[in-house]
Amino acid sequence: MIKRMLGICLLPLLLLAACGEDSDPTRNNDFVPLTGITIDSARGDIPFGFTIQFTAEGDFSGAFSRDITTDATWSSSDPALLTFDDPNRGLGRGVAPGPVTVFANLNGAEGIFSFTVSNATLQSIAVTPNPAGVAKGGTQRFQAIGTFSDSLTLDITSDVTWSSAGVTIATVEAGGLAKGVDLGSTEIIATYSGITPAVTGAATLTVTAPSVTGIRLSPEPPILIVNETWELSALRVLSDDTTEPVASAVWSSSHTNIATVDAATGVVTARAVGTTTISAADAVSGLTGTATVTVGAVNSIEVTPAVTTDDQIISIGESLQLRATATMSNNTTRDITSVATWTLSNNQTQAVSLDSAVRGRVIGNAAGVADVTANVGTGDQRVSGTIRITVTQ
Amino acid sequence: MKNMMLLAGCLLALCSTSALAAEGGFYLGLHGGGVILEGVKNESREGDFNFEFDPGWLAGATIGYDLRDTYPNIGTGRVELEVAWRTNDLDKLEFLQPSIGASGETTVASVMLNTIGEYRENLPWLPYIGVGAGVARITLDNFTQGAYPLVDDEDTVFAYQFLAGFGYQVSSRVYLDLGYRYFALLDPTFTDVTGVKFDSEYATHNVTLGARFDF
């Protein structure tokens, strides 16, 4: 009996244990000693004046290996031939021709790599892609490939200086990233000044009309209340950060029981509490924009004079603008003056009337008092807030 | 969430139930059982890493006072002081790279003050729920992977638990007890062998079998 009861209790416990928080580890296993370092590079030599990236792979007691390029400390046997400007990056720079040994050290382990700085000289630079095109506001990355006197070709993108022949058409930054500024064509130039005369290469970049990068829906709706409408507009966002209206977007709602949207106009109508996604498809660009629409329940309504310094007493002929503030189910508040239905009660001597042109505005007609109520919803779902207005002679 | 559970547990524990006429008195108890320690996520400036544990064991002793019907304004139930010892073996270590085995043991020695609400309408069966709070000493004992040490440290932290189960009255002074406990510690902190501090966790599910003797 006891065994059976124990088994029944243990089963849910095992299930509970399986519900523990999962978390992907982010820490390196530094508790296993590093026993070896292997250095590698794309080439075994490099012309002086240029850089090359070395990598280091750590062997942790034969259990596993991992890249330790940025953990290791880098040095060379002769900094007059090869130097590391940042000892923790592994980026070597050839200073003068000659053979060197590259070292990577970490936690007492050392990697050794034989390397040569050659005396080959740069003959030409090819900038790729050539020709290239980019939309206005868009970017295009270029690469500089150097050809040397020993027929070696090498990516020297980070060793050259980048410039644009027409900065009003396109600009380019270090690393070869060009940006289209205005329509037209220009030359993107890579220059290596480490030798005399300097060596240059160029590519033609044509900047075309801005492309559509996305569809934006605006204005962003507040938390809507049931039966409230909200008109959305669709805008094409262009590569130059400008926008243009979408003339004929096709609108849809993911949950029409929460909110519907007019397929042609983008007018959203809240139907029930919940969240839905409104989409606008642009046939011209083939892109679709989305907006999240939340319909919330109103917990309470507070009616106050719109101008906080106003009191609730007005004279005959005087008007008073009221404001209805709703507290939503998520404890946020919003102004629903223009959404609420306004009614009068206890309107002794017809003291006030509602301004039919402006929601929430009352006009003093005769001396007396009246209760002015802002309502949303119907039947059991109705929520109201009331303020008493006094009209004096 | 934990705070809400704590509050709910306190309220439930304080709920009075009608009682059969009986006098209160002191008791001694012994219990033992199985411990399932949830997977532990450790956070440090070097990154997060995880521990997984094998199922383990617990043993404990209590001395308490059974209110019976002596205090009808308070209700029926018990207040007890508990000392307990839990242990789980380390099963697995999780880093960005594989670990090379895992060994070690987590032990927790705790002193808890428990309040237990007991339903005495269906003797000899006594269903109960309760909460407890106290202090615990947690030890990560000789955690290693292969031949390489990882941590050997301890910390003293706040402990809390929720209890539920039922007792069975064997005789006028002896009760058997089968129960469940959720026992957890608040944010123990340790330092590994490389000198890096890490924030850890400890939350367990326990099944206990025990006996209680009135005196």
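1. What does chain B have in the way of helices and strands? In this predicted model, chain B has one helix and 12 strands. The helix comes at the N-terminal end of the order, and the strands follow it: α-β-β-β-β-β-β-β-β-β-β-β-β.

2. Some overall values for chain B. The chain holds 215 residues, and 48% of them count as buried. Take the contacts between residues at least 6 apart in sequence: 69% of these join residues at least 24 apart. The accessible surface is about 9,600 Å². Carbon and sulfur atoms account for 62% of that surface.

3. One residue of chain B deserves a look: B:Asp214. Strand β12(B), residues 202-214, contains this aspartate. Is B:Asp214 buried or exposed? B:Asp214 counts as buried because its relative accessibility is 13%, and the cut-off for buried is under 20%. Leaving out residues up to four places away in sequence, B:Asp214 touches two arginines, B:Arg68 and B:Arg173. The other residues it touches are B:Phe26, B:Tyr27, B:Ser172 and B:Tyr175.

4. Now chain A. Its domain assignment gives four ranges: domain 1 (36-118), domain 2 (122-208), domain 3 (212-295) and domain 4 (298-392). Between the centres of domain 2 of chain A and domain 4 of chain A, taken over C-alpha atoms, the separation is 68 Å.

5. Strand β8(A), residues 98-106, shows alternating side chains. In a regular strand, side chains alternate between the two faces of the sheet. On one face of β8(A) sit A:Gly98, A:Val100, A:Val102, A:Ala104 and A:Leu106, and these are buried. A:Pro99, A:Thr101, A:Phe103 and A:Asn105 point to the other face and are not buried.

6. Which strands pair with β8(A)? One of them is β5(A), residues 73-76, joined to β8(A) by four bridges in an antiparallel arrangement. Here A:Trp74 stands opposite A:Ala104, and A:Ala104 belongs to the buried face of β8(A).

7. Strand β9(A), residues 109-118, also pairs with β8(A), again in the antiparallel sense, over nine bridges. A:Ala109 is the bridge partner of A:Leu106. Further along, A:Thr101 stands opposite A:Ser114 in β9(A). The two strands form a hairpin with two residues between them. In the turn, A:Asn107 has a positive phi of about 50°.

8. β9(A) has a parallel partner as well. Strand β2(A), residues 45-47, runs parallel to β9(A), and three bridges join them. In this pairing A:Pro47 stands opposite A:Ser118.

9. How many residues does the contact take from each chain? Chain B gives 32 residues and chain A gives 23 residues. The size of an interface is often given as the accessible area lost when the parts come together. For chain B and chain A the buried area is about 2,600 Å², with 68% from carbon and sulfur atoms. Of the area that chain B buries against chain A, B:Ile36, B:Gln97 and B:Val207 supply 21%, more than any other three residues.

10. The count of salt bridges between chain B and chain A is one. Which residues form a salt bridge here? A:Arg27 forms one with B:Asp192. The closest N and O atoms of this pair are 2.7 Å apart.

Definitions and conventions: Residues are numbered from 1 along each chain as its sequence is written. Chains are lettered from A and ligands numbered from 1 in the order in which they are written. This is a predicted model: local features need pLDDT of at least 70, side-chain atom pairs count only at pLDDT 80 or more; totals for chains, interfaces and linings use all residues. Side-chain values use heavy atoms; hydrogens and water are left out. Buried means under 20% relative accessible area, exposed over 50%, partly exposed in between (1.4 Å probe, protein chains only). Contact means heavy atoms within 4.5 Å. Accessible areas come from the Shrake-Rupley method with a 1.4 Å probe; for residues, only the protein chains shown count as cover. Two strands pair if DSSP finds at least two bridges between them. Domain bounds come from an automatic or database domain assignment. Buried area is the accessible area (1.4 Å probe) that two parts lose on being put together, summed over both. A salt bridge is a side-chain nitrogen of Lys or Arg within 4 Å of a carboxyl oxygen of Asp or Glu.
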